[in-house]
Amino acid sequence: MFEENKWILGIIVGSMTLSGLAILDELVIQVIFSASGVIAYSLVGSLLGTGLITSRADAGRARMGIFIFLVFIFVSIYLMIIKIITWLLSFPLWVYVIIFIVTLGILIVRFILNRKAESNYVDAHKNDLLKDYDTVEVNEKETIENLNPNILTEEPKSIYQLLDENKEKDVIYVVRVDNGSPGLQYVQVNQKAVKYQILKGYLKFDNAGVFREIYYANEKIWRIY
């Protein structure tokens, strides 16, 4: 009974002109019917399992009722989407040209500002923290020896959290608690780093150091070195 009524309903709804594009309407109706049928079967199956429905006849009627209700809801949503799209496409061409120009302008300005901020940060950070890479390398061992690698935070945190908790320090040294960056010994981060959109610092690897963006800085995988 359900499949027969479903087939009749499909003919009725399928003969309706919804978007004006027969291929699109046919595809959407097939998706709606498939989704509604699956949901209806699942809901009725759950009702049978709980004992609220005990006979096959009641199950068939319930399945058909739920199916029709879902089809009505989904078709209504589809019609609403069509109306919104039709309304958006009804504006004059010059409106779309203005929107495109404004959007492109915002993207260009944002790109320029990001590059300028990054450049300013690199210059400021290098001047404050890494004025002389040779000096950093010479004093590196002495600095690290004064640090206690056994002091752990209570739990892994993001670099931003560690910077906030150690505001009294101009520079902090952090390490990852996992093995996600093989060869990484520590990361040296200046407090001024948080002023910029891209967090950068001095990354010390096995035999070299590099000043660059710190990946995964927002993830809670760091501790004080």
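This passage describes two packed helices, a set of aromatic contacts and one glycine in a strand of a predicted model.

The structure is a predicted model, in which local features need pLDDT of at least 70 and side-chain atom pairs count only at pLDDT 80 or more, while totals for chains, interfaces and linings use all residues. Residues are numbered from 1 along each chain as its sequence is written, and side-chain values use heavy atoms, with hydrogens and water left out.

Helix α2 spans residues 22-50 (helices are DSSP runs of H or I with at least four residues, strands are runs of E with at least two, and both are numbered from the N terminus). Its 29 residues reach 42 Å from the first C-alpha to the last, close to the expected 42 Å (1.5 Å times one less than the number of residues). Buried residues of α2 (under 20% relative accessible area; over 50% is exposed and the range in between partly exposed, with a 1.4 Å probe and protein chains only) are Asp25, Val28, Ile29, Ile32, Phe33, Ser36, Gly37, Ala40 and Val44. Gly51, which follows α2, has a positive phi near 90°.

Helix α2 packs against helix α3 (residues 56-88) at an angle of about 140°, with the axes 8 Å apart. Axes are lines fitted to C-alpha atoms over the stretch in contact, and angles run from 0 to 180 degrees between N-to-C directions. The contact of α2 with α3 comprises 21 nonpolar, 2 polar and 2 charged residues (Ala, Val, Leu, Ile, Met, Phe, Trp, Tyr, Cys and Pro count as nonpolar, Asp, Glu, Lys and Arg as charged, and the others, Gly among them, as polar).

The structure holds 5 aromatic pairs (ring centres of Phe, Tyr or Trp, the last by its six-membered ring, within 6.5 Å; planes under 30 degrees apart are stacked, over 60 edge-to-face and the rest tilted). The ring centres of Phe91 and Tyr96 are 6.4 Å apart and the planes stand at 65°, so this pair is edge-to-face. Phe91 is partly exposed because its relative accessibility is 31%, and Tyr96 is partly exposed at 30%. Tyr215 and Tyr216 also form an edge-to-face pair, with 6.5 Å between centres and 65° between planes. Trp87, Phe91 and Tyr96 form one aromatic cluster.

Gly201 is located in strand β3 (residues 200-204). Gly201 has a relative accessible area of 0% and is therefore buried. Its C-alpha atom is separated by 5.5 Å from that of Phe211, 10 residues apart along the chain.
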